[in-house]
Amino acid sequence: MALSLRPYTNNIRTELNKALCIQSFPCQNVERHNKPEVESRDNPELLLPPVTIARSEKERCLIEPSINSVRVSLRIGQMDMLEEELVKMYLRFLMQRAEMLEVLRRVPVEGYDVSFLITDQHLLAYGRPRLVDFVVAFIEEMDVEISSMKLAVNSRGRAVATEFLRSLAF
Amino acid sequence: MPFNAESLTLLLVRAAGLEIQSLEEHAHEFGGCEYLLVAGPGQGGSLRLLFAMPQLAGPFQQQVLGPEVIDSVAAAFRGVAVVSRQPPEPPFHLALDVDLHLLARLSAPQQDGWSRSLASLRLLLAGHPLRQVFRALEAGTLQAGPPLVCCNTPGQVYVIKPAADSVALIFPLRFRSRQDCAIGVACLQEFVEARRGPSLGRAPTCSYSCQTREVPGELAGLDLSAVLGPGGCNGGYLTLTFTRRHVSGPQMEGVVWSMATLHQFVAFHVKATKAMMHTRMRRRVMAMIELLGAGGGGGAGAMAV
């Protein structure tokens with residue numbers, strides 16, 4: 001992992017550990033319903049102040065806690081058009097399979113590239129350390145994966161171009 | 001099952017050795033081209049080969065299907081096939097009557113050669129403007145002249161700019177989506193990098209302009225907005241410059257084919273790159289599921305990707 005990412009992920013880890021102090025809380029408006037308050041936003045008293053951790057202008061993390069759920073939104077830094085499109089392609093691929101990654105939200109929060117919704121049920125099932133590790137590992141591996149995809153595109157392009165020009169070299 | 005030129009060749013070779021009662025076979029090729037082989041008892045020992053290609057705008061249709069081109073096709077197949085006097089039924093543009101009896105009397109290598117030529121009818125038509133220029137370059141009679149806009153694929157054009165001792169081919173590239181554009185531009189930039197490699201010193205000179213503001217000098221004064229459509233040229237301009245040694249001898253047909261189908265070549269590799277990305281992403285999804293829930297939590301990982 002790049003050392004430059006360490007302060008960013010350490011701060012996210014700290015804030016997530018604080019935000020993931022959640023518990024089961026039934027809906028106050030509808031009987032026998034249990035909704036993630038961070039999504040329904042019916043009761044402002046159940047929502048905690050959101051926290052934004054910014055690595056740069058283009059890369060930031062928004063943590064929105066509530067009493068029974070936490071929403072984590074990530075904006076991935078992109079240098080050029082190819083990176084932008086690779087990030088979009090990759091995240092759209094992931095979000096279409098959100099049911100396999102239970103904590104992944106199908107649609108990101110506006111202004112961000114990907115969002116996670118962690119409820120008290122997820123906390124019971126996976127435990128706080130695993131969830132925090134997952135989010136941090138996602139950020140770290142996202143960087144690595146996008147870089148390697150970009151390299152793969154360029155390598156493939158170079159191989160194709162070399163073969164094409166070789167067929168014309170007389 | 002789609003045919004390709006190999007299959008069409010095989011069919012023609014086999015047909016040459018058989019008494020055919022009736023035959024009707026369609027073959028589709030990339031870029032919307034179609035071949036149709038028809039034979040029947042009333043055709044007197046000949047096989048009718050029909051060819052269709054996508055409809056192009058008026059002047060471009062003349063470039064690949066005009067009278068001069070048809071004459072060159074007739075000359076190329078003289079003795080083995082004739083251009084049919086009966087106009088082909090739509091959507092076909094050209095019909096050849098192949099003399100099967102003559103093909104049957106030839107040796108196997110000759111049959112194979114003629115069959116390959118017939119199966120390459122598209123190359124004769126689509127590559128006609130390029131072939132004319134390359135032949136003049138090979139003969140040393142080429143003179144500098146204005147750029148010539150050519151098209152054999154709807155929505156994609158290329159420009160031939162002849163000089164005294166070389167020919168520059170400029171390909172304005174259009175991609176359908178921003179994603180294709182990003183991948184295509186990355187691949188096309190590698191053409192320039194690859195050309196600098198030590199083993200490709202004899203390849204044609206290659207340059208790439210990735211912004212619409214940096215229109216190549218060969219296109220100065222030429223307005224392509226009408227032919228490129230509303231999207232314009234979002235993939236930049238790839239320029240290849242050929243000299244006499246690149247087009248002298250038997251390699252000319254290979255060069256013509258490569259240049260006439262460059263747009264489809266780039267589109268194919270953009271699509272293949274996307275497929276490669278999807279394969280990588282599937283592996284990453286499985287790795288992430290293992291990271292989150294190995295042995296823990298609900299249905300994570302239960303469904304196949």
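**Exercise 1. Describe chain B by its surface, its interior and its elements.**

Solution. Start with the surface: in this predicted model, chain B has an accessible surface of about 14,300 Å². Carbon and sulfur atoms hold 56% of that surface. Next, look inside. Chain B has 305 residues, and 49% of them count as buried; the cut-off is under 20% relative accessible area. Now list the elements: 12 helices and 10 strands. Last, check the contacts in chain B with a separation of 6 or more: 62% of them join residues 24 or more positions apart.

**Exercise 2. How much area do chain A and chain B bury between them, and which three residues of chain A supply the most?**

Solution. Count the residues in contact: 43 from chain A and 54 from chain B. Then take the area. The two chains bury about 4,600 Å² between them. Carbon and sulfur atoms account for 71% of it. Now turn to chain A. Met100(A), Phe164(A) and Phe170(A) supply 17% of the area that chain A buries against chain B, more than any other three residues.

**Exercise 3. Find the charged and polar links between the chains, then sort the side of chain A that touches chain B.**

Solution. Begin with salt bridges: there are 6 between chain A and chain B. One of them pairs Arg158(A) with Glu190(B), at 2.5 Å from N to O. Polar contacts come next, with 8 residue pairs, both residues at pLDDT 80 or more. Which elements of chain A give two or more residues to this side? They are α3 (81–96), α4 (120–126) and α5 (128–166). The largest share, 21 residues, comes from α5(A). Finally, sort by type: 26 nonpolar, 4 polar and 13 charged residues.

Note on methods:
Residues are numbered from 1 along each chain as its sequence is written. Chains are lettered from A and ligands numbered from 1 in the order in which they are written. This is a predicted model: local features need pLDDT of at least 70, side-chain atom pairs count only at pLDDT 80 or more; totals for chains, interfaces and linings use all residues. Side-chain values use heavy atoms; hydrogens and water are left out. Contact means heavy atoms within 4.5 Å. Buried area is the accessible area (1.4 Å probe) that two parts lose on being put together, summed over both. A salt bridge is a side-chain nitrogen of Lys or Arg within 4 Å of a carboxyl oxygen of Asp or Glu. A polar contact is a pair of N or O atoms within 3.5 Å; within protein, one must be able to donate a hydrogen and the other to accept it, and residues adjacent in sequence count only if both atoms are side-chain atoms. Helices (H or I, at least four residues) and strands (E, at least two) are DSSP runs, numbered from the N terminus. Ala, Val, Leu, Ile, Met, Phe, Trp, Tyr, Cys and Pro count as nonpolar, Asp, Glu, Lys and Arg as charged, and the others, Gly among them, as polar. Buried means under 20% relative accessible area, exposed over 50%, partly exposed in between (1.4 Å probe, protein chains only). Accessible areas come from the Shrake-Rupley method with a 1.4 Å probe; for residues, only the protein chains shown count as cover.
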